[in-house]
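These entries record what I looked up in one chain, going from the overall fold to single residues.

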Amino acid sequence: MSGFDLSGLKASFGGERVLGPLSLRVREGEKVALVGKSGAGKSTLIRLIHEQVGRNSSLVPQDLGLVNALPVFHNVFMGQLDKHSTWYNTLTLIRPFAADRAAVKDLLNDLGLAEKLWIPAASLSGGQRQRVAIARAIYRNESLLLADEPVSALDGPRAHQVMSLLRDRFATSVIALHDVELALQYCNRIVGIQDGLVELDEPSDRLSSSDIMSLY
Ligand SMILES: Nc1ncnc2c1ncn2[C@@H]1O[C@H](COP(=O)(O)OP(=O)(O)OP(=O)(O)O)[C@@H](O)[C@H]1O
């Protein structure tokens, strides 16, 4: 099961409410776009969902969470770190196993990054770094994706290619997106956040971009 049903989600900073309280039920197979203006609470909501569903999800955080000193291979492999023993992970740090090298390379190939396999993450562009974080999430091999603006640094064709890949690789997803057209095209449910509360929750095929723009 990759869906979830969470209630009582709320967050405050410095005593000031920034999110909730709100409930969110996501059924298996739903591709949810979280939309809303900057500061509405989308990242906070993704973080709270991740805290609750934890290891049973693949996360692409807004700051990507890459280890700059490590090559792309190891950053992607990290998606499965908690699924292997300590000795396996230690050996992989020194000399990765052939099967893992092949699997990571295949995935990077799909993301146009195969030639960067052994390049340190520090040497990559913003868009390449974003694709490494996406590869790490796919490599984790969970059916629920939680992603915070995963294609914000990608150009148009590449953003479409990655959104299509994410739609195909994950049964269920919750993705914060500022691009309303991508949200409507690749997600089947739109949840609009305003001042930390759900202001809109509709299937994508009942909405146009102008319906969503009222949140901005
Ligand atoms: N660590 C923090 N300390 C204090 N306030 C915070 C912190 N993180 C978020 N906030 C506040 O919480 C509110 C929601 O922020 P959040 O990052 O969830 O919004 P968002 O919709 O994801 O915005 P964006 O689209 O710009 O990423 C904002 O008012 C923000 O200033």
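**Entry 1. Contacts of L34.** I count two residues as in contact if their C-beta atoms, placed from the backbone, lie within 7 Å. The model is a predicted one, and I keep that in mind throughout. Which residues does L34 touch, leaving aside those up to four places away in sequence? I find K42 and L45, then V174, I175 and A176, and finally V191 and I193.

**Entry 2. The core around L34.** I next looked up the largest nonpolar core, which has 53 residues. Within this core, L34 is one of three residues that touch the most other members, together with A33 and I175. Which helix gives the most to the core? I find that helix 5, residues 126-140, does so with six residues. Both domain 1 (1-57 + 144-216) and domain 2 (66-141) give residues to this core, so I place the core between them.

**Entry 3. The chain as a whole.** I count eight helices and eight strands. The radius of gyration is 18 Å, close to the 17 Å that the globule rule gives for 216 residues, so I describe the chain as being as compact as a globular protein of that length. The C-alpha trace spans about 50 × 35 × 35 Å along its principal axes. Of the 216 residues, 34% are buried. I also looked up how contacts are distributed along the sequence. Among contacts with a separation of 6 or more, 67% join residues 24 or more positions apart.

**Entry 4. The two domains.** The chain is divided into domain 1 (1-57 + 144-216) and domain 2 (66-141). How far apart do the C-alpha centres of the two domains lie? I read a separation of 26 Å. Ten residues from domain 1 and nine residues from domain 2 take part in the contact. On the side of domain 1 that touches domain 2, strand 5 and helix 6 each supply at least two residues. Helix 6 gives the most to that side, with four residues.

**Entry 5. Helix 6.** I then turned to helix 6 itself. Helix 6 runs over residues 156-169, 14 in number, and reaches 20 Å from its first C-alpha to its last, close to the 20 Å expected at 1.5 Å a residue. Which of its residues are buried? I list A159, V162, M163 and L166. Viewed down the axis of helix 6, these buried residues fall within an arc of 100°, so I conclude that they line one face of the helix. The face turned away from the buried side carries the exposed residues P157, S164 and D168. What covers the buried residues includes helix 5, strand 5 (144-148), strand 6 (172-176) and helix 7 (180-186).

**Entry 6. Backbone geometry.** I looked up the peptide bond from G20 to P21 and found it cis, with omega near 5°. P21 belongs to strand 2, residues 16-26.

I also noted N141, which has a positive phi of about 65° although it is not a glycine. N141 sits in the loop between helix 5 and strand 5. Is N141 buried or partly exposed? I record N141 as partly exposed, because 13 other C-beta atoms lie within 10 Å, and the partly exposed class falls between the limits of 12 or fewer for exposed and 20 or more for buried.

E149 likewise is not a glycine, yet has a positive phi of about 50°. I find E149 in the loop between strand 5 and helix 6. With 19 other C-beta atoms within 10 Å, E149 is partly exposed.

**Entry 7. Two loop residues towards the C terminus.** Where is D195 placed? I locate D195 in the loop between strand 7 (189-194) and strand 8 (197-203). D195 has 13 other C-beta atoms within 10 Å and is therefore partly exposed. Its C-alpha lies 9.8 Å from that of K42, although the two residues are 153 apart along the chain. K42 already appeared in my list of residues touched by L34.

S208 is in the loop between strand 8 and helix 8 (209-213). I count S208 as exposed because it has 10 C-beta neighbours inside 10 Å. S208 and E181 are 27 residues apart in sequence, and I read 9.0 Å between their C-alpha atoms.

Methods
Residues are numbered from 1 along each chain as its sequence is written. This is a predicted model: local features need pLDDT of at least 70, side-chain atom pairs count only at pLDDT 80 or more; totals for chains, interfaces and linings use all residues. A nonpolar core is a set of buried Ala, Val, Leu, Ile, Met, Phe, Trp, Tyr and Cys residues joined through C-beta atoms within 7 Å. Domain bounds come from an automatic or database domain assignment. The radius of gyration is taken over C-alpha atoms; the globule rule is 2.2 Å times the number of residues to the power 0.38. The expected span of a helix is 1.5 Å times one less than its number of residues. The arc is that of the directions from the helix axis to the C-beta atoms.
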